[in-house]
Amino acid sequence: MDAARLHEYTDEMSMAFSFEELPRPEPERSDDIVVRIEAAGWCHTDNHIVHGDFEGVADINLPHTPGHENAGTVESVGDEVTAVDPGDEVVLHPALTCGTCRSCRLGEEMYCDEHVFCGMDTDGGFAEYMRTSERSAVQLTNVDPVEAAPHADAGLTAYRAVKRARANLVPGDTVLAIGVGGLGHIGIQLLDELTAATIIAADIKDEALALADSADHTVNLRDEEISELVDTVTDEHGIDAILDFVGSDETLDLGLSLLKQGGDHYVVGYGGHVTAPAQAMVGLEINYCGTLCGSFTELQELMSLVEDGQIDVRTVEYPLAEINDVAAKLEDGEIQGRAVLKP
Ligand SMILES: [Zn+2]
Ligand SMILES: [Zn+2]
């Protein structure tokens with residue numbers, strides 16, 4: 001099979017991948033499945049992988065096939081697989097987990113003692129076929145794999161962040177979503193779907209803000225003073241929760257200046273540093289909360305919304321052969337919504 005391979009870490013996205021003919025994976029364990037990949041979302045994490053930012057953090061062995069947002073058709077199954085059959089269309093949770101540790105028993109797969117992340121610790125979906133476990137598969141009934149793939153991570157991560165924020169958001173509250181990209185444009189729809197809060201969407205590009213139609217207010221951080229809008233919308237009370245899909249130094253700083261006392265800043269995107277003075281954090285009693293992907297049951301919940309047609313993900317399709325162009329485009333912020341690669 002054809003696979004896009006990263007042979008060495010580089011800052012040159014347009015030359016990162018080369019194509020190799022590899023043996024098609026087969027089920028190894030009795031609960032393995034092999035999926036013919038029909039759609040694999042390109043995530044900003046893949047840019048971090050290419051840069052080498054996960055060296056020492058994840059178990060990446062070069063050469064490596066990334067791709068952790070996968071959907072396709074089950075091709076073959078191990079002897080004891082009962083959850084899916086060959087021919088079933090599925091979207092794949094990115095984690096391979098043990099199922100028996102305490103975190104798995106609590107439904108927190110991302111904390112599993114034996115956690116393996118497909119497309120990082122193992123070869124992922126930027127190839128024609130990928131091996132995973134039957135426990136990772138959510139069946140699709142009326143959603144196209146291209147529409148489903150971005151939900152395996154972008155949608156799921158946004159869903160978990162919104163679900164956590166929702167616990168503290170009541171009618172009359174105001175939530176600020178920063179970054180209307182692959183995650184943000186889904187997150188804003190989920191905020192609209194799951195909360196009664198007033199939604200402000202912020203980005204630095206008008207083309208991105210055009211994807212925020214579920215927001216009550218939009219603000220271009222390059223052209224407008226966000227504090228003025230927040231004062232007007234909240235009657236100078238401040239924001240109750242920030243969903244930070246960017247996670248840069250600049251956006252992380254906004255928590256201190258825009259949150260009301262007791263507010264929460266959910267850190268979803270990453271790259272920057274939280275440098276809040278402890279005195280201000282104590283005085284304002286604000287919380288910075290990291291949020292990591294989501295659990296299998298959260299993917300089921302999200303896909304139930306997607307199957308019902310409640311979430312409209314903006315995808316741009318590319319053949320897998322154009323992976324280097326996609327990597328470069330996302331690095332330069334030139335993709336609106338989610339890029340999906342088709343092997
Ligand atoms: Zn991702
Ligand atoms: Zn486990």
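This report describes the two domains of a predicted model, the interface between them and a zinc site.

## Basis of the model

Local features require pLDDT of at least 70 and side-chain atom pairs pLDDT 80 or more, whereas totals for chains, interfaces and linings use all residues; side-chain values rest on heavy atoms, without hydrogens and water. Residues are numbered from 1 along each chain as its sequence is written, with chains lettered from A and ligands numbered from 1 in the order in which they are written.

## Domain arrangement

Domain 1 comprises 2-151 + 313-341 and domain 2 comprises 155-290, with bounds taken from an automatic or database domain assignment. Their centres, taken over C-alpha atoms, are separated by 28 Å.

## Interface

Contact (heavy atoms within 4.5 Å) links 14 residues of domain 1 to 13 residues of domain 2. The two domains bury about 1100 Å² between them, 51% of it on carbon and sulfur atoms; this is the accessible area (1.4 Å probe) lost on putting the two parts together, summed over both.

Between the domains there is 1 salt bridge, a side-chain nitrogen of Lys or Arg within 4 Å of a carboxyl oxygen of Asp or Glu. R160 and E108 form a salt bridge whose closest N and O atoms are 3.1 Å apart.

## Zinc site

The zinc ion (ligand 2) has as protein donors C98 (SG), C101 (SG), C104 (SG) and C112 (SG), at 2.3 to 2.4 Å. Donors are N, O and S atoms within 2.8 Å of the metal (3.2 Å for Na, K and Ca). The donor residues follow the spacing C-x2-C-x2-C-x7-C.

Angles among the 4 donor atoms run from 102 to 118 degrees, and the site is tetrahedral, a class requiring all angles of four donors to lie between 85 and 135 degrees. The ideal angle for four tetrahedral donors is 109.5 degrees.

Note on methods. Four donors count as tetrahedral if all angles lie between 85 and 135 degrees; four count as square planar and six as octahedral if opposite donors are over 155 degrees apart and all others between 65 and 115; anything else is irregular.
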